[in-house]
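This report introduces one molecular structure to a reader who has not met it before. It treats the helices, the salt bridges and a surface patch in turn.

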Amino acid sequence: MSGNVEVFNELLRKRLAESGWCDQVKLMCIESIKTQLKNGQTPKLEDLIADVAVKSRTMVPAAVKKELLMEMKKHLLQKFGYYDMKMGHD
């Protein structure tokens with residue numbers, strides 16, 4: 001399954017980039033760093049993650065989540081013999 005994990009990860013990366021999510025998260029990171037500097041703090045990775053992680057997860061488009069889940073479902077059904085490629089999807 002580890003090879004498939006990489007396929008799923010690549011699909012997720014591609015769809016997030018296509019949706020603009022990566023750009024949005026990048027902007028959030030920049031704003032977080034600016035705020036830390038403005039407050040006289042030295043930006044730290046841990047603080048950046050704490051500021052951005054939760055909100056960025058909620059920003060993942062529903063269509064991306066759905067596509068990834070459908071691909072995982074299809075893979076598992078094929079793996080365990082419940083999905084016939086000739087029958088099509090679901």
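A residue is called buried under 20% relative accessible area, exposed over 50%, and partly exposed in between (1.4 Å probe, protein chains only). Helices (H or I, at least four residues) are DSSP runs, numbered from the N terminus. This is a predicted model, in which local features need pLDDT of at least 70 and side-chain atom pairs count only at pLDDT 80 or more, while totals for chains, interfaces and linings use all residues. Residues are numbered from 1 along each chain as its sequence is written, and side-chain values use heavy atoms, with hydrogens and water left out.

**Helix α4**

In α4, the residues Val64, Leu68 and His75 are buried. They cover an arc of only 30° around the axis (taken from the directions from the helix axis to the C-beta atoms), which puts them on the same side of α4. Ala62, Ala63, Lys66 and Leu69, on the other side of α4, are exposed. The length of α4 can also be checked: the expected span of a helix is 1.5 Å times one less than its number of residues. For the 18 residues of α4 this should give 26 Å, and the end C-alpha atoms are 26 Å apart, which agrees. Just after α4, Gly81 takes a positive phi of about 80°.

**Helix α3**

Helix α3 comprises residues 45–58; its 14 residues should span 20 Å, and its end C-alpha atoms are indeed 20 Å apart. The helix has a kink of about 35° centred on Val52, where the bend at a residue is the angle between axes fitted to the seven residues ending there and the seven starting there. Val52 is also buried, as are Leu48, Ala53 and Ser56 of α3. Ala50 lies in α3 as well, but counts as exposed because its relative accessibility is 58%. From C-alpha to C-alpha, Ala50 is 10.0 Å from Ser32, and the two are 18 residues apart in sequence.

**Salt bridges**

Side chains of opposite charge can pair when their charged atoms come close. A salt bridge is here a side-chain nitrogen of Lys or Arg within 4 Å of a carboxyl oxygen of Asp or Glu. The whole structure holds six salt bridges, and the table presents some of them.

| Pair | Closest N and O atoms |
|---|---|
| Arg13 and Glu10 | 2.9 Å |
| Arg15 and Glu67 | 2.7 Å |
| Lys34 and Glu31 | 3.9 Å |

The pair Arg15 and Glu67 links distant parts of the chain, with Arg15 in helix α1 and Glu67 in helix α4, 52 residues apart. Arg15 is partly exposed, at 22% relative accessible area, and Glu67 counts as partly exposed at 26%.

Arg13 and Glu10 both lie in helix α1 (residues 2–19), three residues apart, about one turn of the helix. Together with Glu6, they are linked in a network of salt bridges. Lys34 and Glu31 are likewise three residues apart, in helix α2 (residues 21–38).

**A nonpolar surface patch**

Which residues form a nonpolar patch on the surface? They are Leu76, Phe80 and Tyr82, with about 380 Å² of accessible area together. Patches are made of residues with over 30% relative accessible area and no salt bridge, nonpolar side chains being joined within 5 Å. Accessible areas come from the Shrake-Rupley method with a 1.4 Å probe. Phe80 is placed in the segment after α4 (62–79) and is exposed, with a relative accessible area of 54%.

Technical notes
Patches are made of residues with over 30% relative accessible area and no salt bridge: like charges are joined within 9 Å, nonpolar side chains (Val, Leu, Ile, Met, Phe, Trp, Tyr) within 5 Å. Helices (H or I, at least four residues) and strands (E, at least two) are DSSP runs, numbered from the N terminus.
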